[in-house]
Amino acid sequence: MTPTSLRSRLATASAADDDDLVQATAALVAIDSQTPPSDTRAVVQHILQTVAHVEGLEIERRPGAGPVDNVVLSLRGHRPGKRVILSCHLDTYPVGDIAGWTVPPLSGAVRDGKLYGRGSCDMKGGVAASLRVLDVMAAHRTEWSGELVLALAGDEESMGEQGTQVLIDSSPVCSDALVIVPDVGSPGIVRCGEKGMIWLRLTARGSAAHGAHVHRGINAIDRLADALAAFRNLTAMRTPASHEAVATMQAAFPLSEGLGGEGEMDVMSRVTVNVGRIEGGISPNLVPDEAVADVDIRIPLGILTTDVEREIHAILGGHPGVSCSITRRYEATWTSPDHPLVRNGIRAAEGVLGRPVVANMRVGASDARLWRRAGMATIVLGLTPHNLGGPDEHLDIAELPVLASILALTVYDCLAGEPAC
């Protein structure tokens, strides 16, 4: 059997049985795996039942802390070779206010060519597509070399330290690989980089007094607000013009900006500051003596977390009574568009979609940063998100077989060394 004919058969088989892909996705959506608490035990058990028929499948169950469950599925070809990992997260955002939903949030309801439910696009549709690829590769395992690994983890919505990071740290097959993360984005954009981040808590302290006697107190909320306003200066920090990512983003702009929303390139190119939570005071007629804010800072390529931290401390030096503690920090990560993994992803997507496909950065974080941090080339290639994190999250059903086919081709090309992995 020639490589070309096998490649074609893999793509066709992966895209077949649309109804089966829909049902598989809906069954995953119906299993509650919201973070918190990231209880993924039931969804792992469901997946193990789903793959029970696959002969020769090696299974490692490697739980994280608390209810976080993770599993690794390994399938070897007919002789040793390269290793490719499909990395999926099994947890979801919280459902939120049910009143905003027009369908039950864990129903997997199908309507007008769309499948609804929390986690449908982010990323249980990607999980279903990856399981399809595993099934198809298993049916042809005597015809390819190397190893396909599915790394299925919880805790991604809390930055993955108890999920994918546990697998990287503990599983022998979660190493020395090319990694594809079928998380949300678009089948027409191969995401090869992500911003870094700092999560921090600002605490302002003042002096309590009666609200009518403000001259006797120091308002902690005022101090906090002034410091937060000064944090806007951080947004002037941008990716250096000489960085490879700048040319990549510019080339991707005509295709990517429409999918990511106006302003996507600007956001990917600079530091952003989001104040996600503020708390302070107990009564309007009392001067508060403490106020707290939780802040999400995203850092573009070419700027280190230490650069941003230096600026943060300089800002706070001018704001007495305000201190910060950093709870999370990750560097920006990048796989060059010239890497064979990226080229193979583009080649596969263009072949399935029949139109140009580009490489670009990704606005949000994913488990890709953990794989890159461990030294592995990684791309994100998944479904187009709709109402991500909001009511009536959904995916376009027509994209499910498209994604499965693209993933199968990318996996095969990397295992086969086409064009050169």
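1. Ser38 is a convenient place to begin: leaving aside its neighbours within four places in sequence, Ser38 is in contact with Pro67, Val68, Asp91, Gly154 and Asp155, where contact means heavy atoms within 4.5 Å. This is a predicted model, in which local features need pLDDT of at least 70 and side-chain atom pairs count only at pLDDT 80 or more, while totals for chains, interfaces and linings use all residues. Residues are numbered from 1 along each chain as its sequence is written, and side-chain values use heavy atoms, with hydrogens and water left out.

2. Where along the chain is Ser38 found? Ser38 belongs to the loop between helix H2 (18–29) and helix H3 (41–50); helices (H or I, at least four residues) and strands (E, at least two) are DSSP runs, numbered from the N terminus. With a relative accessibility of 2%, Ser38 counts as buried, given that buried means under 20% relative accessible area, exposed over 50%, and partly exposed in between (1.4 Å probe, protein chains only). The side chain of Ser38 also reaches the backbone nitrogen of Asp155, at 2.8 Å.

3. Gln165 offers a second local picture, this time within helix H5 (residues 164–170). Gln165 is buried, its relative accessible area being 10%, and, not counting residues up to four places away in sequence, Gln165 touches Gly160, Leu370 and Arg373. With the side chain of Arg373, the side chain of Gln165 makes a polar contact (2.8 Å); a polar contact is a pair of N or O atoms within 3.5 Å, where within protein one must be able to donate a hydrogen and the other to accept it, and residues adjacent in sequence count only if both atoms are side-chain atoms. Ala153 is twelve residues away from Gln165 along the chain, and their C-alpha atoms are separated by 9.0 Å.

4. Turning to the sheets, four strands form an open sheet in the order S11-S13-S9-S14, with antiparallel pairing; two strands pair if DSSP finds at least two bridges between them. Strand S11 (272–280) and strand S14 (322–330) each have a single partner strand, so they stand at the edges and one side of each is left without a neighbour in the sheet. On average, neighbouring strands of this sheet are turned by 15° against each other, direction ignored; axes are lines fitted to C-alpha atoms, for helices over the stretch in contact, and angles run from 0 to 180 degrees between N-to-C directions.

5. How many bridges join strand S9 to strand S13? Ten bridges link S9 (residues 196–205) with S13 (residues 290–299), and the two strands run antiparallel. In S13, Ile297 is the bridge partner of Ile198, and Asp294 is the bridge partner of Arg201. S11 and S13 also run antiparallel, joined by eight bridges, and Val273 stands opposite Ile297 in S13. S13 is mostly covered, with eight of its ten residues buried.

6. Two helices pack on this four-stranded sheet. Helix H6 (residues 220–230) touches S9, S11, S13 and S14, and its direction makes about 15° with that of S13. Helix H9 (residues 305–316) touches S9, S13 and S14, and its direction makes about 170° with that of S14.

7. A further open sheet has three strands in the order S4-S5-S18, again with antiparallel pairing. Its edge strands are S4 (110–111) and S18 (394–396), each of which pairs on one side only. S4 and strand S5 (residues 114–116) pair over two bridges, with Arg111 opposite Lys114 in S5. Helix H2 packs on this sheet, touching S4, S5 and S18, and its direction makes about 20° with that of S5. Helix H4 (residues 120–139) lies across S5 and S18, running at about 50° to S18.

8. The largest nonpolar core has 68 residues, and those with the most contacts inside it are Ile47, Leu73, Met137 and Leu148; a nonpolar core is a set of buried Ala, Val, Leu, Ile, Met, Phe, Trp, Tyr and Cys residues joined through side-chain atoms within 4.5 Å. Beyond its neighbours within four places in sequence, Ile47 is in contact with Leu28, Leu73, Leu90, Val127, Leu131 and Leu152. Apart from the largest core lies another, of 24 residues, among them Ala220, Leu234, Ile299 and Val308.

9. A search of the whole structure finds zero disulfides, a disulfide being a pair of cysteine sulfur atoms within 2.5 Å. For Cys88, the nearest cysteine sulfur is that of Cys174, 12 Å away. Is Cys88 buried or exposed? Cys88 counts as buried, at 0% relative accessibility, whereas Cys324, at 23%, counts as partly exposed.
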